[in-house]
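Work through the exercises below with the sequence and the structure side by side. Try each task before reading its solution.

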Amino acid sequence: MLKVKSHGVVAFQRLVAVVLLSLIEGSLALLAQTPPKKAEPQQGRGGVSTGTPVNYASRRTVGITDPKAPVVFEDVTDKTTIANFKHRSGSRQKDYIFETPSGGVAMFDFDIDLNNLPPSPTDAGKAGGVGQNFCQFRGVPVMCGPRGLPGEGDTLYRQKSDGGFEDVSAKAGVNDPQKYYGFASAFVHVDEDKLLDLIVVNDSTPKQLYINKGNGTFEEVGYPSGVALNENGREQAGMGLAVGDYNNDGRVDFHITNFSDDSNVLYHNDGDGNFTDITFQAGLGEVTIPFLGWGTSFFDFDNDCWLDLFVANGHVYPTVDVNQWGTSFAQQPLLFRNLKNGKFERVGAAPGSALAQAWPARGLAIGDLDGDGRQDVVLNNIDSKPAILRNVSALSNHWLDIRLVGDVAKKSPRDAIASIAYLTTGKVRQRQDVVSGAVYCSQNDMTLHFGLGAATKVDKLEILWPDGTWETIDVPVVDTKLKIIQGKGLSR
Ligand SMILES: [Ca+2]
Ligand SMILES: [Ca+2]
Ligand SMILES: [Ca+2]
Ligand SMILES: [Ca+2]
């Protein structure tokens with residue numbers, strides 16, 4: 001655990017802990033859709049589908065700046081003790097796929113068995129080496145996987161009354177007998193029946209959406225819901241997962257990151273268990289193609305009541321830096337502003353600002369590190385130190401942070417996971433869910449952050465607690481953080 005200390009011009013007012021999780025994952029990554037007749041590996045045991053090979057004269061994932069852009073984030077890493085932390089994930093040359101997922105970031109306020117390895121690219125061409133049958137990406141030897149490597153099922157543990165746990169995966173119908181290459185997952189309310197549902201994002205295999213039937217079992221609806229594949233009926237690399245209601249229609253949508261030479265994907269929740277891939281209509285398609293995305297989160301960086309989108313990027317193949325494929329190992333992060341009309345636009349990177357820098361990023365966590373009402377960002381970067389991105393954008397809009405505390409006696413967890421807060425200002429009704437997981441191996445601050453735009457008062461704040469009960473709270477002030485205890489209202 002590393003603490004972020006107050007330092008120089010960075011006036012961090014609160015003690016905030018940033019925990020860097022050095023996790024090596026045990027597993028790797030159309031409208032109503034139908035399963036493909038047969039899953040066909042597109043590149044033998046290597047990589048994921050990546051389109052037609054194209055050579056570029058320059059990188060498209062670093063050094064893209066806009067001199068006219070305002071500075072949104074300032075990299076303050078070296079002003080903190082985080083500067084001394086270095087994450088390391090296996091070899092530089094990345095011979096094996098498990099050297100590439102790296103780890104994540106968790107943010108909260110707290111006052112291999114190496115037998116039977118697949119061929120390694122380093123051994124490629126060596127006489128008698130195990131690398132004689134190495135895997136290729138565009139004709140260049142790379143690590144193998146995930147295709148061709150054994151996957152792993154998923155496990156759901158149910159807590160028993162004696163405090164122990166039992167494995168209910170098969171009984172509940174979430175054990176993933178196909179053994180897809182799972183990356184990100186989240187329990188979240190997909191429909192309005194007050195029962196938590198589950199989405200599992202898998203690498204190079206279909207995504208799974210499990211609807212909670214309320215009797216201890218789930219129904220897997222990935223294909224009929226439209227989230228198993230993209231709009232072209234293709235499996236994608238499925239790394240990170242953002243959950244949030246970006247268009248303020250009261251239903252939670254999904255944004256999922258993918259491989260380079262493929263776009264990330266935005267699924268709009270149409271209701272009644274239907275989702276539509278609207279990535280390109282929303283402006284999130286073309287621009288994301290050169291990037292290999294990992295952690296992603298919806299958050300309102302400019303406090304205008306509409307959720308924006310952050311994406312951490314970085315490639316898995318070091319060899320991309322010595323080939324002219326238009327991509328790079330370290331990549332700029334992407335910030336997209338919500339244009340309030342169903343579309344997003346990439347926020348330009350002011351030269352010298354954090355958005356102009358390139359990192360080999362993986363994990364991502366969002367939270368207000370300095371309590372100034374602007375959401376900050378922490379990236380965990382493979383084989384290097386993390387990056388702390390302080391939000392320094394113009395602070396003209398109002399905001400409200402809400403920390404929910406559930407009542408255990410009413411069978412709501414104390415951390416209030418599964419709660420939903422609905423906040424109304426004027427004609428805009430925003431929704432924020434208390435979610436654990438998603439992003440990518442990381443945990444955002446579970447404080448719910450609402451941008452209020454020009455509003456200086458909250459017209460209505462409704463809380464739907466995990467036990468299914470509603471509570472309406474009078475909000476006396478804005479531009480502050482409030483704690484709400486189930487059944488007891490505001491607390492100091
Ligand atoms: Ca549900
Ligand atoms: Ca929505
Ligand atoms: Ca916004
Ligand atoms: Ca801040």
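The exercises that follow use a predicted model.

**Exercise 1. Take stock of the chain.**
Find how many helices and strands the chain has, and what share of its residues is buried.

*Solution.*
Step 1. Count the elements. The chain has 2 helices and 31 strands.
Step 2. Turn to burial. The chain has 492 residues, and 50% of them count as buried.

**Exercise 2. Place strand E23 in its surroundings.**
Is strand E23 buried or exposed, and which strands pair with E23?

*Solution.*
Step 1. Locate the strand. E23 covers residues 387–391.
Step 2. Check burial. 5 of the 5 residues are buried, so E23 is largely enclosed by the rest of the structure.
Step 3. Sort the side chains. Ala387, Leu389 and Asn391 point one way, while Ile388 and Arg390 point the other way. Both sets are buried.
Step 4. Find one partner. Strand E3, residues 73–75, runs antiparallel to E23 and is joined to it by 3 bridges. Here Asp75 stands opposite Leu389.
Step 5. Find another partner. Strand E22, residues 376–381, pairs with E23 over 3 bridges, also in the antiparallel sense. In this pairing Val378 stands opposite Ile388.
Step 6. Inspect the link. E22 and E23 form a hairpin, with 5 residues between the two strands. In the turn, Asp383 has a positive phi of about 55°.

**Exercise 3. Explain the burial of Phe187.**
Why does Phe187 count as buried, and which residues is Phe187 in contact with beyond its neighbours within four places in sequence?

*Solution.*
Step 1. Locate the residue. Phe187 lies in strand E9, residues 181–188.
Step 2. Apply the cut-off. A residue is buried if 20 or more other C-beta atoms lie within 10 Å of its own. Phe187 has 20 C-beta neighbours inside 10 Å, so Phe187 counts as buried.
Step 3. List the contacts. Leaving aside neighbours within four places in sequence, Phe187 is in contact with Leu196 and Leu198.
Step 4. Look along the chain. Val434 is 247 residues apart from Phe187, yet their C-alpha atoms are separated by 9.9 Å.

**Exercise 4. Map the sheet that holds E9.**
Give the strand order of this open sheet, then name its edge strands.

*Solution.*
Step 1. Write the order. The sheet has 4 strands, E9-E10-E11-E12, with antiparallel pairing.
Step 2. Mark the edges. E9 and E12 (218–220) each pair on one side only.
Step 3. Read the twist. Neighbouring strands of this sheet are turned by 20° against each other on average, direction ignored.
Step 4. Examine one pair. E10 (residues 197–203) and E11 (residues 208–212) are joined by 3 bridges in the antiparallel sense. Leu198 stands opposite Tyr210 in E11.

Terms used: Residues are numbered from 1 along each chain as its sequence is written. Chains are lettered from A and ligands numbered from 1 in the order in which they are written. This is a predicted model: local features need pLDDT of at least 70, side-chain atom pairs count only at pLDDT 80 or more; totals for chains, interfaces and linings use all residues. A residue is buried if 20 or more other C-beta atoms lie within 10 Å of its own, exposed if 12 or fewer, and partly exposed in between; C-beta atoms are placed from the backbone. Two strands pair if DSSP finds at least two bridges between them. Two residues are in contact if their C-beta atoms, placed from the backbone, lie within 7 Å. Axes are lines fitted to C-alpha atoms, for helices over the stretch in contact, and angles run from 0 to 180 degrees between N-to-C directions.
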